[in-house]
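Work through the following exercises with the sequence and the model side by side, and try each task before reading its solution.

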Amino acid sequence: MAATELRGVMGPGPTAMAAPGGGGAGPPMVGGGGAGGRGDSGPGSAAAPSTVAAVSAGGPGPGAGGVAAAGPAPAPPAGGSGGSGAGGSGSAREGWLFKWTNYIKGYQRRWFVLSNGLLSYYRSKAEMRHTCRGTINLATANITVEDSCNFIISNGGAQTYHLKASSEVERQRWVTALELAKAKAVKMLAESDESGDEESVSQTDKTELQNTLRTLSSKVEDLSTCNDLIAKHGTALQRSLSELESLRLPAESNEKIKQVNERATLFRITSNAMINACRDFLVLAQTHSKKWQKSLQYERDQRIRLEETLEQLAKQHNHLERAFRGATVLPANTPGSTGSSKDQCCSGKGDMSDEDDENEFFDAPEIITMPENLGHKRTGSNISGASSDISLDEQYKHQLEETKKEKRTRIPYKPNYSLNLWSIMKNCIGKELSKIPMPVNFNEPLSMLQRLTEDLEYHELLDRAAKCENSLEQLCYVAAFTVSSYSTTVFRTSKPFNPLLGETFELDRLEENGYRSLCEQVSHHPPAAAHHAESKNGWTLRQEIKITSKFRGKYLSIMPLGSIHCIFHATGHHYTWKKVTTTVHNIIVGKLWIDQSGEIDIVNHKTGDKCNLKFVPYSYFSRDVARKVTGEVTDPSGKVHFALLGTWDEKMDCFKVQPVIGENGGDARQRGHEAEESRVMLWKRNPLPKNAENMYYFSELALTLNAWEAGTAPTDSRLRPDQRLMENGRWDEANAEKQRLEEKQRLSRKKREAEAMKATEDGTPYDPYKALWFERKKDPVTKELTHIYRGGYWECKEKQDWSSCPDIF
């Protein structure tokens with residue numbers, strides 16, 4: 001783990017812990033003990049207690065490495081740490097020192113080399129030929145002496161070395177050599193800056209600069225002459241006033257003379273201060289004028305470069321326009337066309353290569369397939385292969401049906417917009433929490449209803465479960481489906497849009513996959529969404545999810561409340577379970593990564609079978625694979641029949657458990673090698689689409705969810721304008737539209753509250769807000785109040801009768 005990735009997240013270590021051999025406190029480990037390179041290997045290297053592990057760039061999961069448990073630092077190895085003098089390598093100084101690594105290994109013996117203002121260290125002298133463990137530049141470093149043998153070298157937080165010499169004399173030799181090397185490095189850095197400045201300044205600019213400085217110097221000289229005159233005349237004035245004080249004058253006159261004398265003194269002091277300030281200004285101008293001139297020259301060069309680039313782009317744009325106008329796209333060949341027409345079509349295409357199929361404009365707002373382009377689709381079917389008995393009208397109708405079934409495979413790439421958190425926090429001061437408009441920069445272009453629908457990505461698990469005759473085997477597939485719903489969250493650190501009250505989302509996959517789904521936002525405070533999905537393959541899934549969250553400083557815990565129901569039509573088996581806690585780490589500092597933790601109990605209410613799934617939270621000390629999930633499937637008597645093992649982001653396996661006779665005559669679990677023979681892979685995650693990192697890490701299903709579809713309800717999430725603008729990369733407009741929608745929703749809520757208050761005062765009955773497609777009633781199985789689908793949506797869609805839908809957009 002690179003020390004620079006820690007960025008001061010951890011708190012200071014125990015300073016009262018005695019360091020072995022040094023008699024002082026243990027190093028606080030601020031900024032890490034590594035050197036930004038490989039650093040010392042071993043557990044906990046360059047980390048302190050309570051360290052938040054940085055996430056590697058390869059994924060959002062917890063990074064490798066760990067934090068060692070706090071404990072007394074071990075004694076240093078035997079033998080002195082005295083450094084040798086200047087070695088034969090030409091270095092200023094080299095020798096052995098003890099370097100603090102972590103609380104388990106304590107101080108370790110390392111070979112340090114000081115050369116050319118750089119302090120490097122190695123595990124041994126032989127390592128100097130091939131492997132440097134770390135280097136710190138003394139030009140920007142601070143050297144601090146702790147006690148008789150210990151000293152610290154730090155460059156401001158990114159690198160900190162806690163070192164210890166074998167004796168006070170040896171420590172002083174090293175500190176002296178380091179201070180000298182630092183002074184020399186600072187001097188060389190300043191000289192290089194000055195020489196670099198001079199190289200970039202043209203002769204004309206130098207002349208202008210010298211003339212300006214000469215003018216400033218003459219003006220300061222004039223001010224200095226005026227100051228001398230003021231001082232001379234001020235002294236004469238004070239002498240005259242002193243003589244007046246010596247005369248016998250009335251008491252009132254003496255008082256006035258004293259006041260004048262004080263004012264003359266203040267005037268002289270002020271004039272001196274003015275002259276000193278002018279001198280300081282001249283010195284500052286002389287010091288920084290070269291850097292200013294260098295910056296000015298750099299800006300001039302940049303302007304020239306930009307002008308040249310713009311000119312090249314204009315030429316390329318003109319060339320592309322001419323090429324586009326020159327490329328003649330001929331219609332597709334008719335059955336009576338000759339081979340020459342085919343050649344003409346190819347020649348009309350110009351010099352376009354096969355790579356042009358991949359050069360698509362990913363910033364297009366929608367991917368629309370026109371009927372004219374159907375002949376260029378790379379699908380398994382081809383119109384030319386159709387029977388000659390089929391008319392052209394039927395072929396065209398068949399093409400349109402295929403077009404409707406096509407799903408988009410990409411969305412516009414995520415723009416690289418910077419986000420100033422401090423400006424957001426500044427604008428939130430003094431506002432109510434509910435009125436703070438959070439920018440879309442934190443979001444992904446999907447609503448929470450669409451994220452809820454993503455649970456159906458691996459719906460085939462429920463299709464297979466519906467075919468199972470054994471209820472325990474069916475429970476294994478239901479458990480795998482439960483785990484699979486979390487696989488889409490592993491890289492998805494952005495939050496979905498909060499749905500507006502009354503917002504809906506439908507997903508009709510009845511023809512392709514045999515199911516259709518409907519979600520509706522049924523409550524705004526607290527936010528709650530109801531979901532109902534039914535499949536012609538013999539299952540129904542319904543749920544109502546309320547989201548509650550707690551911000552813990554370094555991480556955010558998201559706790560979904562509510563039960564999920566899965567009913568199989570053929571057998572009547574009714575399963576229920578709840579979701580686990582999702583934790584988003586590194587909220588303040590570091591790269592965001594997500595973890596799932598907790599237990600899920602899946603219960604078959606008809607047979608009494610149970611499955612207990614354990615989502616193991618990530619631990620710095622565990623050697624287990626990250627994101628691990630284990631489970632057991634038991635019958636009503638508690639006997640284990642299947643064991644489940646896997647990860648919530650990759651796959652789940654199932655093992656059949658056969659009891660064997662134990663040593664004492666009792667039943668024992670099946671041995672490991674025997675269980676391996678019964679392994680069955682229940683589920684494996686689908687690979688992400690190409691360039692998914694540029695498309696919010698969306699899965700293949702997620703890429704299709706916000707694609708425009710005809711005939712949906714006017715409250716559908718696809719029609720939400722701020723979400724559509726964000727998907728198309730117009731984030732500024734999306735922020736403004738989001739604020740408008742939230743304000744509109746706020747006004748509607750105030751209107752309902754006013755109507756409720758008026759009805760209470762008048763004594764008339766008032767119906768609170770009710771969901772349109774779901775009805776709140778007691779669940780017959782769990783006895784919880786929940787929203788259950790009342791029906792009617794798909795019938796209204798067929799009639800295109802949306803008169804009952806509210807105006808929310």
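How many salt bridges does the structure hold? With a salt bridge taken as a side-chain nitrogen of Lys or Arg within 4 Å of a carboxyl oxygen of Asp or Glu, the structure holds 31 salt bridges.

Before going on, note that this is a predicted model, in which local features need pLDDT of at least 70 and side-chain atom pairs count only at pLDDT 80 or more, while totals for chains, interfaces and linings use all residues. Residues are numbered from 1 along each chain as its sequence is written, and side-chain values use heavy atoms, with hydrogens and water left out.

**Exercise 1. Trace the salt bridge of E444 and place its two partners.**

Step one is to find the contact: the side chain of E444 meets that of R492 at 2.9 Å, N to O. Step two is to locate the residues in the secondary structure, where helices (H or I, at least four residues) and strands (E, at least two) are DSSP runs numbered from the N terminus. E444 belongs to strand β9 (residues 443-447) and R492 to the loop between α10 and β10, so the salt bridge ties together parts that are 48 residues apart in sequence. Step three is to check accessibility, for which buried means under 20% relative accessible area, exposed over 50%, and partly exposed in between (1.4 Å probe, protein chains only); both E444 and R492 are buried. Step four widens the view, since E444, R451, E454 and R492 are linked in a network of salt bridges.

**Exercise 2. Describe the surroundings of S494.**

S494 sits in the loop between α10 (471-484) and β10 (495-497), and its relative accessibility of 18% makes it count as buried. Taking contact as heavy atoms within 4.5 Å, and leaving aside neighbours within four places in sequence, one finds S494 in contact with K414, F442, N443, E444 and R451. Two of these residues, E444 and R451, also appear in the network of salt bridges.

**Exercise 3. Compare two further salt bridges, that of K738 and that of R718.**

The side chains of K738 and E742 meet at 2.7 Å, N to O; both residues lie in helix α14, four residues apart, about one turn of the helix, and both are buried. For R718, the partner is E709, at 3.6 Å, N to O, and R718 is buried, with a relative accessible area of 2%.

**Exercise 4. Follow the strand pairing from β14 through β15 to β18.**

Two strands pair if DSSP finds at least two bridges between them. Strand β14 (residues 539-551) pairs with strand β15 (residues 555-561) in the antiparallel sense over six bridges, and I547 has P560 in β15 as its bridge partner. Three residues lie between the strands of this hairpin, in which G553 takes a positive phi near 100°. On β15, the next step leads to β18, which runs antiparallel to β15 and is joined to it by four bridges; here S557 has T583 as its bridge partner.

**Exercise 5. Which residue of the chain lies 6.2 Å from G729, C-alpha to C-alpha, although 314 residues away in sequence?**

The residue is P415. G729 lies in the loop between α13 (721-727) and α14 (731-762) and is buried, with a relative accessible area of 17%. Not counting residues up to four places away in sequence, G729 touches P415 and Y417.
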